[in-house]
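User: Please take a close look at one sheet in this model. Then add a few residues elsewhere for context.

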Amino acid sequence: MGSADANKLRFCIDRGGTFTDVYAQIPGQPDGRVLKLLSVDPSNYDDAPVEGIRRILEEFTGQKISRSSRLPTDKIEWIRMGTTVATNALLERKGESIALCVTRGFRNLLQIGNQARPSIFDLTVSKPSNLYEEVVEVDERVELIHDNQDDSSASLIKGVSGEMVKVVKPLDVETLKPLLKGLLEKGISCLAVVLMHSYTYPQHEIAVERLAASMGFKHVSLSSALTPMVRAVPRGLTASVDAYLTPVIKEYLSGFMSKFDEGLGKVNVLFMQSDGGLAPESRFSGHKAVLSGPAGGVVGYSQTLFGLETEKPLIGFDMGGTSTDVSRYAGTYEQVLETQIAGAIIQAPQLDINTVAAGGGSKLKFQFGTFQVGPESVGAHPGPVCYRKGGELAVTDANLVLGYVIPDYFPSIFGSNEDQPLDIKETREEFEKLAEQINSYRKSQDPSAKDMTVEDIALGFVNVANETMCRPIRQLTEMKGHETKNHALACFGGAGPQHACAIARSLGMKEVLIHRFCGILSAYGMGLADVVEEAQEPYSAVYSLESVQEASYREAALLNQVKQKLQEQGFNDENMKTETYLNLRYEGTDTSIMVKKRKDGGECNYGLDFVDLFQQEYGFKLLNRNILICDVRVRGVGVTNILKPLALESASCSPKVEGNYKIYFENGWQETPLYKLENLGYGHVMHGPAIIMNGNSTVIVEPKCKAIITKYGNIKIVIESTSSTLKVAEKVANVVQLSIFNHRFMGIAEQMGRTLQRTSISTNIKERLDFSCALFGPDGGLVANAPHVPVHLGAMSSTVRWQLNYWGENLNEGDVLVTNHPCAGGSHLPDITVITPVFDNGTLVFFVASRGHHAEIGGITPGSMPPFSKSIWEEGAAIKAFKLVEKGIFQEEGISKLLRFPSSDDVAQNIPGTRRLQDNLSDLRAQVAANQRGITLIKELIEQYGLETVQAYMTYVQLNAEEAVREMLKSVAARVLSHSSRSGDKSSVTIEEEDYMDDGSIIHLKLTIDSVKGEANFDFSGTSPEVYGNWNAPEAVTAAAVIYCLRCLVDVNIPLNQGCLAPVKIYIPPGSFLSPSDKAAVVGGNVLTSQRITDVVLTAFQACACSQGCMNNLTFGDDTFGYYETIGGGSGAGPTWNGTSGVQCHMTNTRMTDPEIFEQRYPVLLHKFALRENSGGVGYHRGGNGLVREIEFKRPVVVSILSERRVHAPRGLKGGEDGSRGANYLITKDKRRVYLGGKNTIEVQSGEILQILTPGGGGWGSPL
């Protein structure tokens, strides 16, 4: 493997979705040969990589090679290729027909996933389709045995991970056989197999594989073999992806290999995997191939720029036609063990590449007074307007209008005959039409507003596109604790160099690096990659000297495996490297870190390294907490050392100007010199503005920047100015800056959320994402809210305003406020809000706030979610107003007293305070840190734009959201009036709607919409009075439900802020259970009543049928532990869609614990977790089905259920039938099935089973 033949050709190929790039190293040609072809061109050739090799072989040998003949291999040393075949098959759902084999009771496990819906404002709850066509439930069951579990009579087996298991039900092969035979008869011959706990006991999966192979199945993917890690859902999804894609890849590779003569066996042919390593064809499988192409780019920039051109860590920026890939490199490849692509979770080592839906083909739109870029793409066909195929305006068109794309240097491949240049004329005409629309809108807002030119508009769209791409870069760096501005931008891809200077400037970076092969860097990277072999096995143990010793034995066995695989490929010890990892986590958390064994000769202590890494990434240590080992992993690397950078001679003359072109920058058109990279030498300097043509890539060097040609022929751009101030010159918002500030404000709220998630300690915040962060104007008006849980939406504004009124002039710099009381704008007590006022020269200029669900806040039951609370003090500590930090000093004693002693009321003397004070304090500090992050980012914004501008745009974004909601209300009123038979005044429409809680309490809504002004009045008069129970809902909950519904109905990505509620009046009768007294119990209002309010509002708007209308809150535990979950159900159908089954609906979107983790951590056996068939309401469009969850308890525990829709069913709409009501049962040891009602607390004995049936969604329209 180490030897090289200098007389043979070497090929590096990246087969992309649109183009195939080829880099060939040719004897006697130090620069290599670059070739770019269309990936699909059936009229000229069958396969682009083969065609590229054929053309270069013809050039090299001087001999004609027929396309119908096999390619000779005697002149080829090696071929390395990355391909998007797998990615495209996954995106387009064009993989193999497969079936899923899963443990009985879990047939819908992968469809349910973690229950969360992809987009919280999408009423259709669109989820990617399943990869499998059929499901076979396998009669088998393996149970984990806990240390304290009495199973002395059972025959226990030690699993691969070291955990003890019991085979409760052996695999029934005879029952399985006819089921598999039925699949073959349907034409399905590929299987994905995931059985419960197969990561530690794989024998049943192996038996299924043997049986399937003996029956003639052509491919079987075992979850235990592909990714032997605990967590059934991602492991099963990985197996599904592998089964779905591997046959497609094998078919493609087989076709590729068949195009060469019999000498191919002597040619080293390798394929790029998602982890940045190469693999031979025999080991290249579906689940490791989906990032094959992008991985080549990461290898390319990291191995050619880091250390050679800069010592700064690099941000990789690969901008393509439909999307942009962002990555980071600081000396080692940053890998993740799990990622989600096209809706499929893949659990395998892969490079950490983040994709944003913004590229050259992103659509340009003007909506509600703002510039919108993407996420929709115009695609390759018809493409942008300039492609001459009747397309729509895209980012590429804007670059063409501005002169960033030079038609003279772009191939003439457009039009019906594919022989025309880019169409600048048609592009300008389309922009002129858009300019009329934009200028008409601006004049309607301000008659004195100056018209925007076509160039202003094109530049505006480019600036908005740049900001869209900056957001994921900030997130990628900030969430790992790195400062974005301390990086250099490594830019490649076809469109990236046109945007590089602007993006670097926006991010505060001073340096951009563009590789000389930037247009084909993913292909070039193939020649820089190493061959990688991985081996991993689960090992579950508490970290200790003994367990580390056991892990070292496992490591030695895995090392032998990977070394043997590399030796089989021709590597010897001299060109082999190995890396060993332990996957570690703190007990009670899901946040694991792969800790690499040190190679520096020092003593290796995985535990200390884990603590350091955890603190570096999350900002704190967990003291007195066990560290757990989860997995042992070994990575073997066969070092190839193929491509070497070629140093250039120093330039002896001035850079040659090839011509001059006009380019439009911020200050207008500028005459700009154009240079060709191939005519530039080491040391050449070009001051901006300048154009450098690098093959087909256009590098734009902006004014106040300079480009330097480096020793290795790459381009280094130094950003000489990073400031860009903006003055408020007009009475109305600049429509471009409005879009940019929308992104910036929302980006700040998102980064606050990242900080909170990163630095918090509790499962609820860190893993279930039960939190929200927001920023507010000086009056407390919401500017931007980064939501994870809809019930927090808009609700924090009333909290901030209550505190503003309460403290008045008694707010000082360095103060931080804390509150959770419902009468102070809170939702329920576990949701604690931390608010920081921010001052500028002594003047209050804005607020930031974060709200998080604390797992424990005191009260009559552990977990602070009691089903039978009747008063607020029974639910825990209630804080109206307290300075958590006063003049910079954290008031630990004061807040500890409030949390430990919930009330001074005589009645409440015996109510327990918080049972997890240290966790509360840690999470409160994390919330303070999140707020501080927001303050820092807003101050940077003020430094860049000035306080006057930032505050002006805080107002403008609210006005913009208000306008969007007004337009939506006008259209709703018009729609309702068009179907109304009433005569007379049609300027307003009134709708009345009501629904019932299970106790008979009424939520009554009278909705009046003014069709002229676009205003709405939500009048809840007629709603039942405060209840003697805990489903009273504070007013903030109703406001959150209304703003959530309005945002869903707008159906445009408008910012979520106070403007959404500006055209809305909400009246709630005091004393009703939607506006209860400050003594009322409210814990259920947040999780139950909020859902019913949402159903009533959406029904009034005739938007969709009722969803499950509940969160199905389940808690159980004893003195040693507590557990809390919310269970999904069916969503309501709508006018054009069926409801979605087994999903979190409306006001929640928290995640479900994986079944294997559930059984590993708690004394339970999950018998069933599946869809509740036929529970969705029948209709022209069916409601989604609810869920069935059956839990057997292995020791006595106290179980509490807090649920609704057990009496009143979720209603259908427009003739659609109601969804099924939910039900809760206890199945006793003597097999009695006892109905528990909707709300209950019971003491459950070992062996008893809790069965929860969640409601289905209502149907829409009369069934046919």
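Analyst: What follows covers the sheet, then a buried helix residue, then a surface patch. The model is predicted.

Start with the sheet. It is open and has four strands. Their order is 27-28-30-31, and the pairing is mixed. Strand 27 (659–665) and strand 31 (697–701) are the edge strands. Each of these two pairs on one side only. On average, neighbouring strands of this sheet are turned by 35 degrees against each other, direction ignored. Strands of a sheet pair through backbone hydrogen bonds, and the pairing can be parallel or antiparallel.

Now the pair at one edge. Strand 27 runs antiparallel to strand 28 (residues 668–676), and seven bridges link the two. One position to find is Ile663, which stands opposite Gln670 in strand 28.

Next, Ile112. This residue belongs to helix 3 (residues 109–112). Ile112 counts as buried because its relative accessible area is 2%, under the 20% cut-off. Beyond its neighbours within four places in sequence, Ile112 contacts Lys127, Gly1142, Phe1169, Ala1170, Leu1171 and Leu1187. Leu1074 is 962 residues away from Ile112 along the chain, and 33 Å separate their C-alpha atoms.

Last, the surface. Phe19, Leu38 and Ile413 make up a nonpolar patch there. Together they have about 230 Å² of accessible area. Leu38 sits in strand 3 (residues 29–38). With a relative accessible area of 34%, Leu38 is partly exposed. That value passes the patch cut-off, because patch residues need over 30%.

Key:
Residues are numbered from 1 along each chain as its sequence is written. This is a predicted model: local features need pLDDT of at least 70, side-chain atom pairs count only at pLDDT 80 or more; totals for chains, interfaces and linings use all residues. Side-chain values use heavy atoms; hydrogens and water are left out. Patches are made of residues with over 30% relative accessible area and no salt bridge: like charges are joined within 9 Å, nonpolar side chains (Val, Leu, Ile, Met, Phe, Trp, Tyr) within 5 Å. Accessible areas come from the Shrake-Rupley method with a 1.4 Å probe; for residues, only the protein chains shown count as cover. A salt bridge is a side-chain nitrogen of Lys or Arg within 4 Å of a carboxyl oxygen of Asp or Glu. Buried means under 20% relative accessible area, exposed over 50%, partly exposed in between (1.4 Å probe, protein chains only). Two strands pair if DSSP finds at least two bridges between them. Axes are lines fitted to C-alpha atoms, for helices over the stretch in contact, and angles run from 0 to 180 degrees between N-to-C directions. Contact means heavy atoms within 4.5 Å.
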